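These are my notebook entries on one structure. I set down what I looked up, topic by topic.

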Amino acid sequence: MNAPRPVIDLKRVVRTFTVGKRRITALKEVDLAVRPGMVTGLIGPDGAGKTTLMRLCAGLLTPDSGNVSVMGLDAAKAPLEVQASIGYMPQRFGLYEDLTVAENMALYADLQGVPRARRAVRYDELLDMAGLRPFMGRLAGRLSGGMKQKLGLVCTLVRPPKLLLLDEPTVGVDPVSRRELWQIVYRLVEKEGMSVLLSTAYLDEAERCREVVLMHRGQVLGQGPPDSFSRNVGGRTWFVTAPHVSKRRLQGELARRQEVLDALILGRGVRVVTLAAGDPGAWLPDIEGIRAEAVEPRFEDSFIDLLKKRTETGDGGSTIRVRRPVEGVQGQDAIVVENLTRRFGDFYAVRGIDFRVRRGEVFGLLGANGAGKTTTFRMLCGLLPISDGRCLVDGVDLRRAAARARARIGYMAQKFSLYGELSVVQNLRFFSSAYNLKGKRQRARMQWAMTTFGLEEFADTRSASLPLGYKQRLALSAALMHEPGILFLDEPTSGVDPLARREFWVHINALAEQGVTVLVTTHFMEEAEYCDRLVIMAEGEVLTAGTPEETKALFQKPGRAEVTMEDAFIGLLEARRRKREAA
Amino acid sequence: MRRGGGFMRLRGMIRKEWLQILRDPSSIAIAFVLPMILLLLFGYGVSLDAKHVPLALVVEKPDQRTMSFTAGFYQSEYFRPVPMHTIQEAETALRHRVVDGIVWLRANFGRDYLKKDAPPISVIVNGVDANSGRLIQGYVQGVWVKWLDQQALESGGALNMPVRVEQRIWYNPEVRSRNYLVPGIIAVIMTLIGALLTALVISREWERGTMEALLVTPVSVREILLGKLLPYFILGMGGLTLSVAMALLVFEVPLRGSMAVLFGCSALFLLTALGMGLLISTLSRNQFVAAQVAIIVTFLPAFLLSGFIFDIASMPAGIRNLTYIIAARYYVSILQTVFLAGDVWSVIWPNAAALAAMALFFLAIVRRKTRKRLD
């Protein structure tokens with residue numbers, strides 16, 4: 001068979017960076033060929049080397065060794081020629097926020113040398129595609145995250161390129177815009193015959209690509225159509241349910257088994273990937289009514305399969321133990337939110353929301369950027385004054401005794417908020433003394449953190465240079481120093497690779513099993529499945545509240561495939577939009 | 001495949017830069033508001049002259065002579081005399097900074113004032129601020145000499161003083177500090193626009209990721225640099241025009257040289273400042289660091305080491321040598337010369353040559369350091 005010439009051809013490409021005194025290898029002898037006329041997905045967790053690879057292809061970086069050929073040109077030797085024939089959208093696309101949509105487009109048309117006569121037609125096509133026509137006069141800084149991303153794509157496309165490089169175009173974009181971006185990409189491939197290389201950290205996007213390149217730690221683990229990956233785990237994926245046992249306990253039991261590669265809470269049961277073929281229901285005969293049914297493999301399953309065979313991580317169990325019985329009156333709700341409102345000027349960031357979190361529950365706050373999650377969170381932690389409404393944390397009114405309420409909660413911020421210059425031990429010592437721990441008790445808690453989270457080997461390492469997964473552990477242990485009964489997690493797993501994310505949830509589940517109440521915000525829709533109950537927020541209001549099953553059931557039509565959390569989310573947003581248009 | 005369309009790209013870059021300047025309040029603040037504030041501050045607020053200094057006059061035994069002598073203080077615009085009865089009272093006032101100096105006429109003033117061995121008056125000056133201390137001392141001396149002159153004239157004989165100093169002050173006869181502060185502040189303003197603003201806007205492009213998107217377009221390094229240089233050059237010359245207009249019309253500073261020399265040399269200095277600003281932002285790529293560096297290596301030296309406030313000749317040798325690498329030093333010499341003395345070519349040529357050399361040096365480094373790559 002005579003294969004068409006690849007649009008991107010990498011041969012034994014090595015690229016290293018020096019950070020401080022350390023040498024980091026971003027790409028280790030990468031061989032890769034991207035075929036024309038289709039969407040190729042470059043998939044891997046943060047730090048896999050995706051952005052470095054993209055920048056090499058765009059001629060923005062040169063390889064240490066090896067050869068990067070793009071559209072038949074050497075990207076290292078002829079970057080200007082390469083740049084003249086490709087479109088590249090960096091991760092944070094450079095929109096000029098104080099220029100309008102039209103001005104941004106005109107700038108890139110000028111820079112790309114699009115003849116004036118041809119602009120009007122091209123603008124029309126692109127604006128229709130992106131749905132940006134009504135916003136031509138609006139400043140780019142005033143667009144929503146999803147619209148900004150679409151404008152970035154439009155600016156990249158003013159001169160139709162033959163090859164389009166998109167570096168994580170869907171990061172931080174709400175599910176609706178994400179779907180629209182994908183539709184644009186498909187149309188470009190169909191109508192203009194473009195070749196697209198798109199990188200993403202969302203594993204579920206793999207299934208939208210014709211071909212997938214799987215990267216991890218600077219290496220290509222595999223390449224092929226998405227279902228070729230899933231086939232590797234065929235016959236090893238199960239959905240396990242047990243009506244009389246909590247799903248969290250079931251997950252813990254399954255994860256501890258040698259034969260189980262991966263166990264993940266999903267809806268009312270646990271999704272399991274086994275090492276070899278075999279019915280996991282038979283392995284736990286003690287659990288009454290346990291049932292396992294075979295399910296279709298997903299891309300993520302094969303990803304975990306490939307990674308776990310390479311990296312040695314601990315077993316799925318957590319050794320985390322809460323020493324002190326969790327305080328508080330049994331049966332009393334851990335968090336009560338009534339008509340909670342926060343105004344900034346005449347803008348309502350949060351508008352009269354209500355919800356209750358029961359003790360020992362994992363409760364999720366879901367929503368796109370700007371939905372009001374973080375504002376709600378800050379009010380609950382007593383970091384932001386409440387404009388209106390009532391808010392009780394562990395029975396304490398935040399308006400009256402914010403400091404007393406704060407002593408009962410542990411808070412883990414969205415970004416790594418420990419001191420990067422301090423070592424692991426120093427950070428733990430600082431945070432424990434910040435919570436008034438002294439002497440013997442302080443030493444005991446620090447020892448607990450080090451052993452529970454396996455931090456001993458990094459005790460004297462600077463926190464900034466810890467691997468991401470360990471940073472996460474350290475941040476969690478710092479939040480747990482004073483043994484709080486309530487734990488607040490703000491986007492705890494964004495940017496963490498799937499393995500570290502699983503491990504993190506194992507700890508959270510163990511805490512919840514022991515009665516710690518966990519409130520978590522996330523924009524990973526699949527993480528919503530780990531929650532007992534959740535609310536979905538948009539524009540400062542609660543759209544729906546309930547268990548993940550109840551939420552999904554709102555959109556389940558008889559005879560149709562099972563809806564995902566993302567389907568439900570999009571459905572809710574669209575229903576809201578229709579209601580508003582009708583009004 | 002050689003690329004045409006260079007003009008279109010450059011025009012696009014410049015248009016974008018202008019729109020950004022016009023819409024960004026912080027650019028406007030640095031380019032127009034800050035210069036106005038600096039000019040008003042240095043034109044009206046800061047004065048290195050001592051005027052209306054409160055001065056205690058202690059006359060122990062008033063008579064005809066003491067009256068005529070103290071009258072000299074009342075007539076002078078430099079003093080605001082406060083009559084006091086005892087030296088103790090005056091010393092207390094000095095300690096509490098109610099007055100800045102004491103003139104003490106003892107009881108024997110009338111009898112002894114012409115004797116050589118007995119000092120007829122005592123002067124005590126608050127020397128905490130050495131500069132104004134010296135000024136007060138000088139002014140008191142002046143009143144004294146003038147009075148002696150008068151006395152001699154009245155008694156018909158010449159004063160028996162060995163040497164007489166004839167003072168004449170050229171270029172700034174009224175000795176108005178405003179006349180050299182206002183031209184000097186122009187150097188600071190040009191540094192603000194040329195170096196600080198430019199360093200900020202380019203590092204902002206790195207920070208917001210717009211630079212990465214620019215780099216992958218067919219735009220060339222030359223076009224990127226020109227696209228930044230031209231708008232800020234025009235903005236800087238605009239700032240200059242504003243400052244010169246204010247200097248001449250509001251503060252009535254004389255311009256004895258020609259506009260052509262003033263603007264020509266200013267253009268050279270502006271290019272140097274732009275070169276430094278571009279270099280700082282290319283090396284730091286971070287707004288915070290760029291602002292810090294720009295303030296420390298361009299703004300502060302323009303203030304402290306340019307000779308605009310502090311005389312270079314009276315600096316210690318080490319620091320004096322350091323001023324030779326400060327571009328503002330050459331520009332301040334030119335400014336003060338052009339405004340107050342005229343087109344003195346022997347001053348202008350060497351300073352302008354130094355500026356031209358520095359401009360070339362910085363722009364050449366920027367050209368070499370800017371690449372269309374991220375590494």
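**Entry 1: Confidence**

I began with pLDDT, which is the predictor's confidence in each residue, on a range from 0 to 100. I need this term here because the structure is a predicted model. For chain B, I found a mean pLDDT of 84, with 89% of the residues at 70 or more. For chain A, the average is 85, and 95% of the residues score at least 70. I then looked for a weak stretch in chain A and noted residues 312-316, where the pLDDT is below 50. Beyond near neighbours in sequence, this stretch has nine contacts in the model. I remind myself that where pLDDT is low, the predicted coordinates should not be read in detail. For the model as a whole, I recorded an ipTM of 0.73 and a pTM of 0.77.

**Entry 2: A sheet of four strands in chain A**

I asked in what order the strands of the open sheet of four strands in chain A lie. The order is 2-1-4-5, and the pairing is antiparallel. Which strands stand at the edges? They are strand 2 (22-34) and strand 5 (73-74) of chain A; each has a single partner strand, so one side of each is left without a neighbour in the sheet. I followed one pairing in detail: strand 4, residues 65-70 of chain A, joins strand 5 of chain A through two bridges in the antiparallel sense. Within this pairing, A:Val70 is placed opposite A:Leu73.

**Entry 3: The nonpolar cores**

A:Val70 appeared again when I turned to the largest nonpolar core, which holds 177 residues. The members that touch the most others are A:Cys57, A:Val70, A:Leu165, A:Phe488 and A:Val518. I looked up the contacts of A:Cys57, leaving out residues up to four places away in sequence. Its partners are A:Ile8, A:Val68, A:Val70, A:Ala75 and A:Leu165. Apart from the largest core lies another one, of 66 residues, which includes B:Leu196, B:Ala199, B:Phe269 and B:Val332.

**Entry 4: Strand 22 of chain A**

I chose strand 22 (residues 517-522) of chain A next, and asked how many of its residues are buried. The count is six of six. The burial holds on both faces: A:Thr517, A:Leu519 and A:Thr521 lie on one side, and A:Val518, A:Val520 and A:Thr522 lie on the other. Two parallel pairings of this strand went into my notes. Strand 17 (residues 362-366) of chain A is joined to strand 22 of chain A by five bridges, and here A:Phe363 stands opposite A:Leu519. Strand 21 (residues 486-490) of chain A is likewise joined to strand 22 of chain A by five bridges, with A:Leu487 and A:Val518 as bridge partners.

**Entry 5: A hairpin in chain A**

Strand 18 (residues 388-393) of chain A runs antiparallel to strand 15 (residues 335-344) of chain A, with five bridges between them. A:Leu392 is the bridge partner of A:Val336, and A:Leu392 is also paired with A:Asp397 in strand 19 of chain A. Strand 19 covers residues 396-397 and meets strand 18 of chain A in the antiparallel sense over two bridges. These two strands form a hairpin with two residues between them. In the turn, I noted a positive phi of about 55° at A:Asp394.

**Entry 6: Helix 5 of chain A**

Is helix 5 of chain A enclosed or open? I found 11 of its 12 residues buried, so the helix is largely enclosed by the rest of the structure. The buried residues include A:Met147, A:Leu151 and A:Val154. Among the elements that cover them are strand 6 (86-89), helix 3, helix 4 (116-130) and helix 6 (175-192) of chain A. The helix spans residues 145-156 and reaches 17 Å from its first C-alpha to its last, close to the 16 Å expected.

**Entry 7: Chain B and the contact between the chains**

Chain B contains 14 helices and four strands. Of its 375 residues, 36% are buried. Among its contacts between residues at least 6 apart in sequence, 79% join residues at least 24 apart.

Finally, I examined where the chains meet: 25 residues of chain A and 28 residues of chain B take part in the contact. On the side of chain A, helix 2 (79-85) and helix 3 (101-111) are the elements that give two or more residues. That side divides into 14 nonpolar, five polar and six charged residues.

Technical notes:
Residues numbered from 1 in each chain as written. Chains lettered and ligands numbered in written order. Predicted model: local features only at pLDDT ≥ 70, side-chain atom pairs only at ≥ 80, totals over all residues. Pairing = 2+ DSSP bridges. Core = buried A, V, L, I, M, F, W, Y, C linked by C-beta atoms within 7 Å. Buried ≥ 20, exposed ≤ 12 C-beta atoms within 10 Å, placed from the backbone. Contact = placed C-beta atoms within 7 Å. Nonpolar A, V, L, I, M, F, W, Y, C, P; charged D, E, K, R; others polar. Expected span 1.5 Å × (residues − 1).
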